[in-house]
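Please look over the sequence and the structure shown here before reading the notes below. They go from single residues to the chain as a whole.

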Amino acid sequence: MLRPKIPTMPQPTGLTTPPAVIEPTTITPVPPPAPVFPAPSRPVVQLTPSTMLALVGAGTAAGLVLGAVLVSLLLAVAVTGASVAVCAVVLRSVLASDAKRR
């Protein structure tokens, strides 16, 4: 019922004409046009030695500030851990001495 029909290639009938002969023509190459670059819409930044020195100084200052912040955070975590450990030891001793009294 749903069988596809395969088309058959029809055979040419009657006289056939030979293909027309196409003669080659000479093509003269045209040089490509020179590329046109648009003018920059914003000025180009010129880096002088003083601006380079300022950039290096700013980068160094930012690195030092970031390092100080990270070290202070690490120190805060260490102090908090030590205080929690001390609290644990004190609570343990209080609970142990309370258990011995009973």
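In this briefing a helix is a DSSP run of type H or I with at least four residues, and helices are numbered from the N terminus. By that rule V69 lies in helix α1, which covers residues 49-101. The model is a predicted one, and every value below should be read with that in mind.

**The chain as a whole**
- The chain contains one helix and zero strands, so α1 is a helix without strands beside it under the DSSP-run rule.
- For a compact globule of 102 residues one would expect a radius of gyration near 13 Å, whereas the chain has a value of 45 Å.
- Taken along its principal axes, the C-alpha trace of the chain extends over about 125 × 75 × 20 Å.

**Surface and burial**
- Buried residues are those under 20% relative accessible area, and 0% of the 102 residues of the chain count as buried.
- The chain has an accessible surface of about 10,600 Å², and 73% of that surface belongs to carbon and sulfur atoms.

**Residues of helix α1**
- V69 has a relative accessibility of 41% and is therefore classed as partly exposed, since that class lies between the cut-offs of 20% and 50%.
- V69 also helps to make a nonpolar surface patch of about 480 Å², together with V65, L66, L70 and L73.
- L64 is likewise placed in helix α1, and because its relative accessible area is 61%, L64 counts as exposed.
- Between L64 and A85, which are 21 residues apart along the chain, the C-alpha atoms are separated by 31 Å.

**The segment before the helix**
- Q11 belongs to the segment that comes before α1, and with a relative accessibility of 64% this residue, Q11, is counted as exposed.
- From Q11 to L70 there are 59 residues in sequence, and the C-alpha to C-alpha distance in space is 86 Å; L70 is one of the residues that make the nonpolar patch.

Conventions. Residues are numbered from 1 along each chain as its sequence is written. This is a predicted model: local features need pLDDT of at least 70, side-chain atom pairs count only at pLDDT 80 or more; totals for chains, interfaces and linings use all residues. Side-chain values use heavy atoms; hydrogens and water are left out. Patches are made of residues with over 30% relative accessible area and no salt bridge: like charges are joined within 9 Å, nonpolar side chains (Val, Leu, Ile, Met, Phe, Trp, Tyr) within 5 Å. Accessible areas come from the Shrake-Rupley method with a 1.4 Å probe; for residues, only the protein chains shown count as cover. A salt bridge is a side-chain nitrogen of Lys or Arg within 4 Å of a carboxyl oxygen of Asp or Glu. Helices (H or I, at least four residues) and strands (E, at least two) are DSSP runs, numbered from the N terminus. Buried means under 20% relative accessible area, exposed over 50%, partly exposed in between (1.4 Å probe, protein chains only). The radius of gyration is taken over C-alpha atoms; the globule rule is 2.2 Å times the number of residues to the power 0.38.
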